[in-house]
Amino acid sequence: MESTPSPSPTAPAPSAPPVAHAAPPSPTVSRFALLALTAVAAAALLHRGTLFMVREAVGPGWTAQRLDCADTARTAATAGTAGTTVAADFRSCLQGHVHTEVLGVTALVLLTCAVALALYLLHPRLARTGSLSPASARPGSPAVRCVTALLAEPDAPRGVRVSFAPLVGGLHGRSLGFPGRYHVVLSMGLFLAHDADVEAGRVPVLLPGVLRHELAHLRNRDVGMTQLTIALWWAFLCTAALPALLAALFLGPVRASATVTEVSAALALLWFERCAVLRSREHLADTAVRHHAYPDALAAAEQAAETLASGKRAAGHPVTRGARAAAARFRERIGYHPSWKLRAAAVAHPARLLKPSLFEAATAGLLIGFGYQPLTALVQALRPYDSGRAQIWLLGSGYALLLSGVVGLAAWRAVWRARADDTAPRPRTLPLAVAACLGILAGQTLLPLDAPTVVWRTVLVQRPVAALGWALVLLVFLWAFTTWQALVAEWWSHSGVRPRPGALVAGLLLGPLLLGFLLGGWFAALADQKAGGPTFGGLPAGLLSLLIDAAVSGAVAAAVLAAAVPAALRVLRGHGLRRGPRGATGAVPVPRWWVAGACALLVVPVYLLVGRPAYPALGADMVRLVAARGRPGADSLFFALLPLLVGGAACIAVAGAVVALTARTSGGTGRHGRGALPLVALGAAAATPATAYLLIAHIRLAACAWVGGACGPGPGTPWESTLALGRWMLLPGVLGAAGLLLLVRSAVAARRLVGRAIERPRARAGTPPAGGVRADDTRRWRAGPVLRWTGRSLRAALAVVALAATLTTTAVLGRAVLPAQLSPPAPHAEPADLRPYLVLRPGTEARERACSEGLLNLRRLDLTYATSGAPTDYWLANTAVAFGSADDPGLVALARAARDRLLDRDPEAGQDQVEDGATYCALRGGTARPAVLPLR
């Protein structure tokens with residue numbers, strides 16, 4: 001009996017459209033990068049613990065060596081050595097031990113990488129042992145002819161060798177080798193199944209399908225990534241996990257439980273990341289096969305696998321049959337090879353592969369939360385006492401770049417998925433932000449650090465409410481970042497400009513400019529808190545100092561300008577911005593510039609009325625500040641201006657919300673979604689110059705009321721200095737406008753729900769809905785040419801005002817992010833003014849009490865210095881005096897060195913000596929070491 005003729009399995013399918021136009025990089029790349037970073041970070045952690053246990057067992061440990069440094073310093077101070085020499089020797093001793101530790105861990109991590117590289121190079125040779133070529137297996141067989149025909153297809157890679165493994169059963173294949181020397185190994189089961197199908201008159205689909213799948217791996221260039229993934233797993237297992245367990249078993253029984261926990265967590269995380277990489281490459285290879293018979297091959301493979309599994313279940317004992325079936329399902333869920341059903345679903349709906357992965361976001365957050373404090377400690381040890389704002393930004397930007405490569409790419413893929421699949425849901429950024437936030441908090445909870453380093457776990461144990469509030473702040477930062485990434489992707493996709501790889505990379509690299517300083521400031525504010533403190537009251541101060549920082553405001557402006565690049569490119573290419581009758585560009589609303597100009601002018605009378613009730617309190621504060629002038633630690637004008645700043649931020653928030661709500665839009669994210677965020681920033685920037693100038697006017701009017709109204713206009717204030725005050729209100733105003741938009745969006749959603757609930761009973765009863773189509777009104781009043789010309793001229797003038805105000809604010813904020821402004825030179829006090837406050841009284845206090853008082857000054861996050869620019873010399877002088885009152889000669893010598901540096905007009909070196917004193921206190925058992933990154 002002859003079979004019905006069917007298309008040849010070697011015939012190519014007609015060309016199919018790609019999944020998405022100019023789709024972003026595949027998930028396999030980002031998942032492999034995440035796996036590599038996790039392997040390096042986990043190896044460093046385990047190697048450090050292993051070295052610690054080895055050194056504690058065979059010789060003096062790191063703690064004993066550091067304590068020897070403190071004992072040496074005390075002995076030298078008792079012998080009468082100068083304080084500067086004692087401080088230099090103490091610092092050199094500590095740095096030598098730190099460098100030894102870092103070099104040891106680095107050498108072991110490089111060993112792990114070298115083993116992984118060796119396994120990667122040896123993987124093809126070890127995996128294809130015993131393989132045979134197709135010709136030697138059975139010359140002239142149908143399987144050999146099928147392989148030859150497939151390799152001759154136009155889209156098949158060249159220079160590929162195909163072999164059959166006679167000792168490998170099953171129906172599968174493997175791709176091995178390196179570029180130019182690829183080798184595909186097929187199981188002998190495929191060979192026999194193909195010949196059997198041909199002899200029985202059936203159309204063979206398994207061998208062509210498997211071989212096309214393996215050739216798709218070669219076209220995707222993921223064979224080397226697969227081999228390196230497997231090599232990293234075995235290298236970590238052999239060089240990091242196994243030595244750590246052996247060291248904990250034989251050398252460090254006290255750390256056995258902690259080591260087992262660390263190894264188990266690292267192996268579980270690496271296993272799931274490894275499975276994510278291998279599953280992703282399988283799905284992408286399936287979607288890359290463009291042939292009409294490939295779904296039949298997947299169905300045949302699924303049927304064969306089910307037949308084999310049912311035979312094993314039937315042969316097993318009835319008691320263990322259910323347990324074996326459950327174990328098989330569990331292995332399928334956590335295994336590195338996806339099921340045939342999932343692979344068939346990926347082929348039928350390829351756009352689903354662009355779905356954002358919450359696991360990736362959570363893993364990236366876990367790496368950040370687990371590694372931020374150790375990295376800052378390492379940087380602080382290699383570059384001690386360099387903890388300025390630039391370092392906070394650089395450290396935060398490194399981890400923000402990791403989030404940008406994982407979460408940012410996920411947001412871009414979600415936008416491409418919505419464009420490629422009409423049934424796909426609208427991209428949502430909140431789940432990604434929540435997953436990343438939970439990962440960071442989990443890393444902070446699992447971090448094996450004790451006091452004095454303050455992490456989120458420390459705050460959670462002592463003040464749960466403060467910890468939850470600080471976690472909410474982190475969630476807002478991450479949500480803003482993911483929203484910006486999705487917004488940029490939507491602007492690119494709706495602008496009609498093709499997003500080339502360079503544009504995608506630029507968008508992913510610009511994100512850390514904003515998130516880097518916010519993320520670093522979030523961790524730095526935590527580290528600056530006093531371990532065991534009663535309230536953690538410095539957290540709100542740290543948040544406020546972030547919001548009013550010039551770098552943050554400038555980064556916000558840069559992010560908004562970067563999001564506008566696609567629209568600008570479309571204009572330069574001559575396409576214009578108008579799409580439709582109302583000039584909307586898809587999901588991105590178009591602002592009404594005359595509304596922004598009107599808001600910039602109307603803010604003047606409104607802010608004058610809002611700020612007038614604050615004059616009496618402001619005048620009283622000015623009297624108090626003048627009376628306290630010249631005293632160290634005196635309050636700045638910031639708290640006195642706080643009511644006026646809040647009122648100005650409220651006016652800016654209303655202006656930003658009005659500009660966003662009056663924008664032209666035709667759908668998409670609309671006026672209330674992501675597309676409104678640039679318009680909020682536009683309205684806020686337009687209203688900032690007038691608000692900043694009125695703030696100066698309020699101060700002068702309050703001063704006039706204080707002296708009885710007999711003052712003149714006073715000297716003029718530089719325009720740039722005036723706008724510098726405006727940046728204190730800009731970012732809080734933007735956040736307030738976003739809150740107003742959220743309320744409006746909630747109200748609109750509630751109104752729609754109520755309307756639907758009312759219309760449903762009417763529809764059941766047959767009652768027509770309320771309202772109707774409005775009839776044309778032929779008597780509608782129309783403006784004359786004079787009024788139309790006047791209105792257009794007025795709108796044009798208001799648009800010019802808005803444009804000028806926005807450019808002015810942008811220029812000032814852009815100047816704030818220059819390198820010279822990130823670490824500006826701080827003012828210093830004169831030695832003659834410092835000398836009365838630098839009187840040391842050795843022996844008047846016990847070492848424990850002196851250390852406690854000194855570290856309390858050193859850890860305090862005083863917002864006065866962050867906002868007023870007052871010199872920190874008095875702050876350091878108080879700490880040196882506290883250390884100098886101890887009954888410990890070594891600590892007194894370090895305090896004398898700090899005093900000499902401060903009197904020599906070298907406050908940076910004086911801070912170095914103060915930090916040395918804090919370290920000495922920690923080693924001698926005084927109290928905890930200060931924060932690694934104090935936020936100044």
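**Close-up views of a predicted model**

**View 1. Three strands make an open sheet, lined up in the order E1-E3-E2, with mixed pairing.** Strand E1 (161-165) and strand E2 (173-176) sit at the edges, so to speak, each pairing on one side only. Going from one strand to the next, the twist averages 20°. Keep in mind that this is a predicted model. As a bit of background, strands of a sheet pair through backbone hydrogen bonds, and they do so either parallel or antiparallel.

**View 2. Here we zoom in on E1 and strand E3 (residues 183-187), which pair in the parallel sense.** Five bridges link E1 and E3. To pick out one of these pairings, look for Arg161: its bridge partner in E3 is His183.

**View 3. Thr806 belongs to helix H27, which covers residues 785-816.** Thr806 has a relative accessibility of 11%, and because buried means under 20%, this residue counts as buried. What does Thr806 touch, leaving aside its neighbours within four places in sequence? Its contacts are Trp593, Leu682, Ala685 and Ala686.

**View 4. Helix H32 (residues 873-884) has the end-to-end span you'd expect.** With 12 residues at 1.5 Å a residue, H32 should span 16 Å, and its end C-alpha atoms are indeed 16 Å apart.

**View 5. Staying with H32, this view shows a helix that is mostly covered.** How many of its 12 residues are buried? The count is 10. Among them are the aromatic-looking names you may spot right away, Tyr874, Trp875 and Phe883, along with Asp873, Leu876 and Thr879. Gly884 is also one of the buried residues of H32.

Conventions:
Residues are numbered from 1 along each chain as its sequence is written. This is a predicted model: local features need pLDDT of at least 70, side-chain atom pairs count only at pLDDT 80 or more; totals for chains, interfaces and linings use all residues. Side-chain values use heavy atoms; hydrogens and water are left out. Helices (H or I, at least four residues) and strands (E, at least two) are DSSP runs, numbered from the N terminus. Buried means under 20% relative accessible area, exposed over 50%, partly exposed in between (1.4 Å probe, protein chains only). Contact means heavy atoms within 4.5 Å. Two strands pair if DSSP finds at least two bridges between them. Axes are lines fitted to C-alpha atoms, for helices over the stretch in contact, and angles run from 0 to 180 degrees between N-to-C directions. The expected span of a helix is 1.5 Å times one less than its number of residues.
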